[in-house]
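Open the model in your viewer and keep the selection box handy. We will go from one stop to the next, choosing a few residues each time and looking at what surrounds them.

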Amino acid sequence: MTDDDTHGSDDTPPSDRPATPLTDGGSAAGADDVALDPWGSSTVGDYRKLFEEFGIEEFDEVLPEVPEPHYLMRRGVIFGHRDYGRVAEAMRNDTTGPDEPADAAVLSGFMPTGDPHIGHKMVFDEIIWHQERGADAFGLIADLEAHAARGLSWDEIDEHTRSYLLSLLALGFDPEQGELYRQSTNREVQDLAFELGTKANFSELSAIYDFDGETEVSYMQSVVTQMADILYPQLEKPRPTVIPVGPDQDPHMRLARDLAARMRFFKVTEGYASFEVDDDERELLARAYEALEAERDGDDPVRCEDAADWLREHADASEARAGAVESLDAAGKEPLRPRVRFLDRNATDEAFEALIDAVEGEKRVFEGHVDAFDMDRAAAEDLAREVEVEHGGYGFQPPSSVYHRFMTGLTGGKMSSSVPASHISLLDDPEEGYDKVKSAATGGRETAEEQRELGGEADECPVYELYAYLLAGDDDEFATEVYEECVGGERLCGDCKEQAAVLMEEFLEEHQEKREEAKEVLDGLDIELESPRKG
């Protein structure tokens with residue numbers, strides 16, 4: 001029999017319904033329109049819009065490159081990424097020794113504002129999975145952010161800090177092969193935040209985070225501290241670093257990538273003449289060069305004025321064409337030739353001279369940049385980073401990210417830590433966890449007869465999410481079986497919830513036993529569990 005608190009109205013017969021869970025970043029139950037607020041409680045109504053509006057890439061496209069992908073990746077719970085291919089490649093090819101920093105790193109932070117819950121477990125698992133595959137793992141407590149952005153006292157923060165760390169250790173984080181820290185006691189993070197703050201300004205933070213004249217300075221400081229957290233694993237060496245987050249945290253990731261670039265000594269671009277252009281103009285120059293080079297007869301080079309004429313005739317009118325043509329006309333008879341360009345952003349005089357000396361083959365040196373004609377871009381990026389690090393720079397690589405779906409609340413709609421019935425805390429009594437699952441909303445029909453005839457709506461069901469995100473573990477066959485039985489009308493909500501409730505009770509019992517075992521480990525770690533701060 002089904003429960004009265006079910007919802008859904010799709011009357012498509014079971015035979016015409018999809019046989020496997022959706023993995024394309026479809027709509028989330030009870031979600032809002034796209035709105036990315038890293039401190040709000042908004043969800044994302046249609047994850048697919050993120051691909052178009054914010055440049056997040058579909059994870060399915062990079063999945064074949066991932067060694068032994070986590071079940072959250074295989075099931076589409078992790079649905080998007082930024083630049084994760086570099087992390088996957090580094091994990092596949094890592095040959096570093098046991099006492100050397102790994103070629104890849106993973107980091108995520110937890111704001112200690114309440115008890116850890118099953119939503120946090122997803123991120124814990126992602127950190128641990130990367131650690132098990134050789135990446136250096138970092139878990140941090142965002143206590144400065146909790147104090148500044150949420151107004152928690154340090155006593156409250158200390159209580160929750162211990163709880164988060166115990167669950168992370170209980171789930172398998174290896175503290176001997178990773179690092180745990182608090183923002184407030186990590187001087188390297190605070191020093192890096194200060195340096196990053198020299199590259200950000202109030203107008204920029206206001207545009208991203210809606211800060212205004214009433215925003216506390218410490219709140220703004222917490223932003224650059226988070227940027228420092230994201231880049232902290234690269235203080236050992238520049239390397240691909242992934243940050244597992246929900247899509248609401250993407251504003252942080254975009255800012256971190258921008259700041260990482262602004263801190264670099266050199267920017268590497270591709271050019272065609274002595275002047276610099278933007279990406280759209282560069283694409284037009286490439287088209288003009290390729291066309292004119294194919295038509296060229298004899299030894300006379302392609303010249304800028306020729307490319308200007310070609311664009312007037314062949315390219316559609318646009319702001320980019322106007323800019324490119326103006327620059328080409330000004331350059332006149334200067335040859336148009338492909339080259340890699342090193343732009344001086346923050347380099348010392350010594351570093352700039354060292355770069356000039358390091359560029360092999362034909363090159364031309366200008367006041368603010370160096371053009372190399374015998375290098376490809378990848379080699380140029382490596383050389384720029386090598387020279388930078390040798391001369392005291394950071395050499396940051398842009399941080400990568402993976403994005404997971406929000407979990408639907410057990411009562412339907414949003415999962416909220418302020419609504420106990422909507423979520424399951426990792427500290428809940430196992431019997432309470434059982435009862436919460438038994439009381440959860442489902443994607444079932446109004447009656448058992450309708451359920452058998454039409455099938456359930458597993459894609460809209462908080463209970464099925466429990467199976468996919470947690471209860472089925474690494475067993476894809478079991479998760480698929482639950483899904484197919486539901487949408488095929490064989491599985492009724494009462495039996496399904498009973499099975500899920502028993503599994504949840506067993507998980508909580510086991511997890512809490514492991515938390516007890518982890519207490520001795522935590523007490524032996526070099527991390528301050530009681531803050532010396534006041535307030």
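With which residue does Arg-312 form a salt bridge? Select Arg-312 and Asp-309 together: they form the salt bridge, and their closest N and O atoms are 2.9 Å apart. Bear in mind along the way that this is a predicted model.

**Stop 1: a pair within one helix**

Keep those two selected and show helix H12, residues 304-314, as a cartoon. Arg-312 and Asp-309 are three residues apart in H12, so about one helical turn separates them. An α-helix has 3.6 residues a turn, so residues three or four places apart point the same way. Now switch on the surface. Arg-312 has 39% relative accessibility and counts as partly exposed, and Asp-309, at 45%, is also classed as partly exposed.

**Stop 2: more salt bridges**

The count of salt bridges in the model comes to 35, so let us visit a few others. Select Arg-86 and Asp-83, which form a salt bridge with the closest N and O atoms 2.8 Å apart. Asp-83 counts as partly exposed at 22% relative accessibility.

Next, pick Arg-162 and Asp-523, whose side chains meet in a salt bridge of 3.0 Å, N to O. Arg-162 is in helix H6 (residues 154-170) and Asp-523 is in helix H20 (residues 493-523), so this pair ties together parts that are 361 residues apart in sequence. Arg-162 has a relative accessible area of 26% and is partly exposed.

**Stop 3: a network and the four-stranded sheet**

Select Glu-276, Asp-279, Arg-282, Arg-339, Arg-341 and Asp-371 in one go; salt bridges link them in a network. Two of these residues also lead you into a sheet: the bridge partner of Arg-341 in strand E10 is Asp-371.

Show the sheet as a cartoon. It is an open sheet of four strands in the order E7-E8-E10-E9, with antiparallel pairing. Strand E7 (266-271) and strand E9 (363-365) stand at the edges with a single partner strand each, so one side of each has no neighbour in the sheet. From one strand to the next, the twist averages 20°. In the sheet, E8 (residues 339-344) and E10 (residues 369-372) pair over four bridges. Add helix H15, residues 377-390, and you will see it lying across E7 and E8, at about 160° to E7.

**Stop 4: the seven-stranded sheet**

Move to the other sheet, which is open and has seven strands in the order E1-E2-E11-E6-E3-E4-E5, with mixed pairing. Its edges are strand E1 (57-58) and strand E5 (178-182); each has a single partner strand, so one side of each is left without a neighbour in the sheet. Helix H10 (residues 250-262) packs on this sheet and touches E2, E6 and E11, and its direction makes about 170° with that of E11.

Zoom in on E2. All five of its five residues are buried. E2 pairs with E1 in the antiparallel sense over two bridges, and Glu-57 has His-81 as its bridge partner in E2. E2 and E11 also run antiparallel, joined by four bridges. To find two of the partnerships, select Gly-80 with Tyr-403, then Ile-78 with His-404.

**Stop 5: helix H3 and its surroundings**

Select residues 84-93, which make up helix H3, and colour the buried ones: Tyr-84, Gly-85, Val-87, Ala-88, Ala-90 and Met-91. These buried residues pack against helix H2 (71-74), strand E2 (78-82), helix H4 (118-132), strand E6 (241-245) and strand E11 (400-404).

**Stop 6: two acidic residues in helix H4**

Which residues does Glu-126 touch, leaving out those up to four places away in sequence? Select Glu-126, whose place is in H4, and you will find Leu-72, Ile-78, Pro-244, Val-402 and His-404 touching it. Glu-126 is buried but has no salt bridge, and the nearest side chain of opposite charge, Lys-121, is 10 Å away. What Glu-126 does have is a side-chain polar contact of 3.2 Å with His-404.

Finish with Asp-125, also found in H4. At 11% relative accessibility, Asp-125 counts as buried. The side chains of Asp-125 and Lys-121 make a polar contact of 2.5 Å. Beyond its neighbours within four places in sequence, Asp-125 is in contact with His-70, Tyr-71 and Leu-171.

How values were computed: Residues numbered from 1 in each chain as written. Predicted model: local features only at pLDDT ≥ 70, side-chain atom pairs only at ≥ 80, totals over all residues. Heavy atoms only, no water. Buried < 20%, exposed > 50% of the residue type's maximum accessible area, 1.4 Å probe, protein only. Contact = heavy atoms within 4.5 Å. Lys, Arg positive; Asp, Glu negative; His and termini not counted. Polar contact = N/O pair within 3.5 Å; in protein donor to acceptor, adjacent residues only side chain to side chain. Pairing = 2+ DSSP bridges. Axes fitted to C-alpha atoms, helices over the stretch in contact; angles between N-to-C directions.
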